[in-house]
Amino acid sequence: MNIKKLELQNIRSYEQQSIQFPEGTILIHGDNGAGKTSLVMGLFGGLFLSEIRNVGNNSFSLDEFVRRGGNKGTVELVFEVSGVEYEVEWELYTTSTPNDATLRSPEFDSPVSGITDVKKQIQDILGMDEEDFANSVYVKQGEVDRLIEASDRAEMIDGLLGLDKLDENIETMKMARRGAGRVQMRNEDQADGYRDDLQEDFDRDEAEFNAEITEIDNKIANVEADIDEVEQYINELKNAQARLENRIKNYEEIINQKESVETQINQKRTKRADEQQKIDACENRIDTLEGEISELETSIDEKAETVSHTVTPSDEADDALDEIQGKLQTAKIKQNDVENTLEQAQDELDERNKEISEAESQLKQLQQDRDELVEDIQQLEKQRERAEDKLQQARKRRNMQTTDYVPSLGSSSEITQETKEVVEQQKQKLDKRRTEVSTDLAEKGVTLSERENDLTSARKELNKAESNIKDINTQIEEKISEVRQAEQSVSEFQNEFESQRTAIIGQCNEIELELPTDKLQTIADENLPKRIEETNQELDEAGNRTATLEQQEAQLEEQLAEMRELAEKNLCPRCEQEVPDGHIERESTEIEEELNDVQNKIVNTRARRDNLDSKKSELLQARERLLDLIEFREETLEAARDKVSQLKDERSEFEDERDELETKTIEKQEEIESLEQEVSALDRQIETLQNTQESIQEEIEQGEKILEQFDRVSELRECVEDAESALEQKNEERSDIGTEIEEVKTEIDTLESDIDEQVDKVNSCKEKLNKITDRVSELEAEREVINEIISCYDNIAEKQSDVSDEQQAIQHHKETIESLNKQLTEHKNQKQKLNEKLGNEDKETLQKKLTQVRQKIDQRRQSKDYLQAERDELVDKRSMLKNRLESRQSLEEKVETYEAKAEWAKDVYDELEGIISVYESVKSDLREQYLAYINEYTHEIFKSIYQNSSYQRVIITETQNERTGAYDYDIQLLRDDDMTEDPSNASGGERALVNLALRAGIYKLIAELEGGDRGRLPPFILDEPTTFLDKNHVGELEEMLNCIRDWDVPQVFVISHDDALIHGADHKCEVTKDASNTSQVTMQTAGDD
């Protein structure tokens, strides 16, 4: 990190100043009061405005930072971190205008505005807050015992070394562990509570409940069966009631019904006569159809005599037609065959004439081909020899590769072409294995993608929860800070209250008045007014007494004057008679004595009155101050206390919300851990499958190459065989051509003979065709007669169908008559029943029966109501038992659920316990490593700057408080007698050297922890490091600066009024003040005038 530029406007002693800071060691030099500290305050305030009090030994509020007389101050700081430039501007106001800040950088899309956002952004950029910055790189003026006596030394050093992050993680885990413990306890308490409810509320187990419910179900079933039986009997009675009511209601209608039945009987008899007439008509039509059928049968007999086939009955006619049709088809086929044979014979005759011409041309061509084959045979013999050589070489290569690929085959002499099947089987197995691996790999990939998506979602949710927790923690910290500030305010107000009260108590003691805190209002409203009233009365009395005495004084002065006047005449002042000598003098003396006495009393009375006036004024002042104190307590102190209470309540609400989020975070962390483990396992499986796939692919490729060698051998063998075959073929062709030449000659002779025979064959085919044509004509004529006979049979069948229809109609009419007879019988029976109804019972008898039925229905309804009440009671009891059973089952489920939750919380608690142990172990290991580096670097600096022999080195060790278990760093000096000594026993200069060495050593370790990234390493700031040092050790600081420079520190700022450090600096920043008390800065480089 480089601080490049600082601009101050109306800041402390600076009116308008711009300073460019180069790399290297910069000495900020100037007299005391010149403005060096204000310059450092500008550097520090440019980064962390809210912590200006950390600079030097002073403490300033923001408005005090503004130049006296100004209403606005500006600090602009340009710094570079890891090659990125940032410019921050702070605007400070002494008026009501709020302070503001702006941060700009090429890294930002837009400037960052607002003090809170700018502070947070700068902390993120630097990787440390103002406290870590001050503790790590800024050594304050006169800071002798900062690390030696610091009560927060462990916290400070751990924070500088980044170990506090582990503490934060440990604390987070502890909070989570406490949360898990609370969850476990709550769930165990819930489970115990529900378990107690089971024991207290239920006197039977689930099986007993089910048994009793089953028993009640059986009782309900029996009662419902009785109810059904009663309902069935009631329904039967109701039906009887309905019948009786209908009979009574319809008694008058029965006569009408009887007459209606008689009418229907007459109608049915008439309709039956009509149906009989229809039967007679159908029988007449049947006789006519049978005559027509007889005539058709005669026609068939006449036609049958004209054909050679049997045509009776109709089946024989159909068979005869089929036979004629077959014969006709066969004849036509023969006719067609003869025609084809004739055509073919003619074609063959033409072909033989053509062939004899071609044979003569072929003979000439064969003789030419024979000469060409002789030349081809010679060329093929040479090709065969070359192919045999290539085959031998390819076979040798194939055998070597096959033996390597399938070692079980033995030497190459065992390899044959049949071995290819073994290689192909091996490759097929590998192909199958590769397919399986690819399928498994694809499935794993899909699963991995799904799990990674789940993991990403879970992480987002976790990050969101953690962000919320962080925000809430920030809010809690802000609330804690606000509570502290409020409590500080309360404390300050309380101190101010007690201070004012103490001052009033001192005043009250002077006026002899006690001032208990709980009676301030009573004293202000009653006691002090009463005392003031008493004092007023005393003042009135003193005034009256003074007036009386002053009157006496006047009278005595008049008497004394008169006495002195009469004394000159030697007369008595009372009787104005002459008096003896010495009488007037005696009288005058008495008056003078009395006058002196009165005058003394007047003085005393006036003094008392003045005292009373003073007392009254003090009482009034005390009352006024007491009222101000009461007003301060009620309006300021109590308001501050109320604010503390309100802030604590708000903090408690945030903490509750944080606990819920932490529980959610624990659950989400477990889900993420599970997903990460699954993703890791899938990654390993995929990697294994990919390696297996690659290995299989290599083997497959090797097998394919071997199979290619087999194919190559086969191809070469085929080439040899093809060459031999071609050679053999050519020889055969040459032989064949010779044979063919002879055959062609023979063929020509044969063709000439065939042509003669073919002419005879054509003539024979023509004769056969004429005979077959005559036969086809005869068969077609006979087929026509048989078709006419079949048509007659079809007409007969139609007539017979009509006869059958008429017979069916007769049957239908008979069935209708039979149905009418049945209806007549039914009507007669109905009439008989109506007669019976009319003749057996009268209306009065039916009414009596109806009354009896109604009485039975009422009795059965009462029985049904009783049974339904019994069933409802059983149903209610069963419902109650089922509800009780469900309640018990619900409680048992809750017990199991809370026991499972408690067990889960216990597992989480144990897991967090292990994580905390890991964090603590890691922190201990890191602290041990860091301590070794701090000791080494501190000793390096201490050795270079300490010139005495009293102490050999500084030793820093880790200690642990056995009571609290807290860790701390113990700092000791190793004396020349190898004994250790506490640094607090050393001189101020020696303690200052120890502090410098420690701070420089820690700074170097921070530089090492940054990984040598000087782009992020902040500058090292030494403020008046020569304080408490003698001249010898002041000179050694230059050696220390050289040592620090060797660490590749980008910038070192040394603030000092001592000229001894000028030679050790690369640059000098001279700070002076002009006549207007304004600071000025001049930057010089070493070697410049």
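**Exercise 1. Find what the charged end of R204 sits over, and say how far away the ring centre is.**

Solution. Begin at R204, whose charged end sits over the ring of F209, 5.1 Å from its centre. Here a charge sits over a ring if NZ of Lys or CZ of Arg is within 6 Å of the ring centre and within 35 degrees of the ring normal. Before going further, keep in mind that this is a predicted model, in which local features need pLDDT of at least 70 and side-chain atom pairs count only at pLDDT 80 or more, while totals for chains, interfaces and linings use all residues. Residues are numbered from 1 along each chain as its sequence is written, and side-chain values use heavy atoms, with hydrogens and water left out.

**Exercise 2. Work out how the rings of F79 and Y86 are arranged, and which residues ring pairs link into a cluster.**

Solution. Start with the search of the whole structure, which finds 6 aromatic pairs; rings of Phe, Tyr and Trp (its six-membered ring) pair if their centres lie within 6.5 Å, and planes under 30 degrees apart count as stacked, over 60 as edge-to-face and the rest as tilted. One of these joins F79 and Y86, whose ring centres are 5.5 Å apart and whose planes meet at 20°, so the pair is stacked. Next look at accessibility: both F79 and Y86 are buried, where buried means under 20% relative accessible area, exposed over 50%, and partly exposed in between (1.4 Å probe, protein chains only). Finally, ring pairs link F79, Y86 and F108 into a cluster.

**Exercise 3. Describe the ring pair of Y194 and Y898, and state which helices the two residues belong to.**

Solution. The ring centres of Y194 and Y898 lie 5.7 Å apart with the planes at 20°, so the pair is stacked. To place the pair, note that Y194 belongs to helix α6 (residues 163–201) and Y898 to helix α13 (residues 843–945), so that the link joins distant parts of the chain, 704 residues apart. Helices (H or I, at least four residues) and strands (E, at least two) are DSSP runs, numbered from the N terminus. As a last step, Y194 has a relative accessibility of 17% and therefore counts as buried.

**Exercise 4. Trace the open sheet that contains β8 and β15, and explain why one side of each is left without a neighbour.**

Solution. The strand order of this open sheet of 6 strands is β8-β12-β13-β3-β14-β15, and its pairing is mixed; two strands pair if DSSP finds at least two bridges between them. At the edges stand β8 (138–139) and β15 (1079–1085), each with a single partner strand, so one side of each has no neighbour in the sheet. Within the sheet, β3 (residues 24–29) and β13 (residues 1051–1056) run parallel and are joined by 6 bridges, and T25 stands opposite V1052 in β13. Helix α1 (residues 36–47) lies across β3, β8, β13 and β14 (1067–1073), running at about 150° to β13; axes are lines fitted to C-alpha atoms, for helices over the stretch in contact, and angles run from 0 to 180 degrees between N-to-C directions.

**Exercise 5. Give the strand order of the antiparallel open sheet and name the helix that packs on it.**

Solution. The 6 strands follow the order β2-β1-β4-β5-β6-β7, with antiparallel pairing, and the edge strands, β2 (14–20) and β7 (112–113), each pair on one side only. Inside the sheet, β5 (residues 84–93) and β6 (residues 100–104) pair in the antiparallel sense over 5 bridges, and the bridge partner of E89 is T102 in β6. Helix α3 (residues 115–126) packs on this sheet, touching β4 (72–81), β5, β6 and β7, and its direction makes about 40° with that of β6; contact means heavy atoms within 4.5 Å.

**Exercise 6. Decide whether T535 is buried or exposed, and list its contacts beyond its neighbours within four places in sequence.**

Solution. T535 is found in helix α11 (residues 520–569), and at 1% relative accessibility it counts as buried. Once the neighbours within four places in sequence are set aside, T535 is in contact with L612, K615, K616 and L619.
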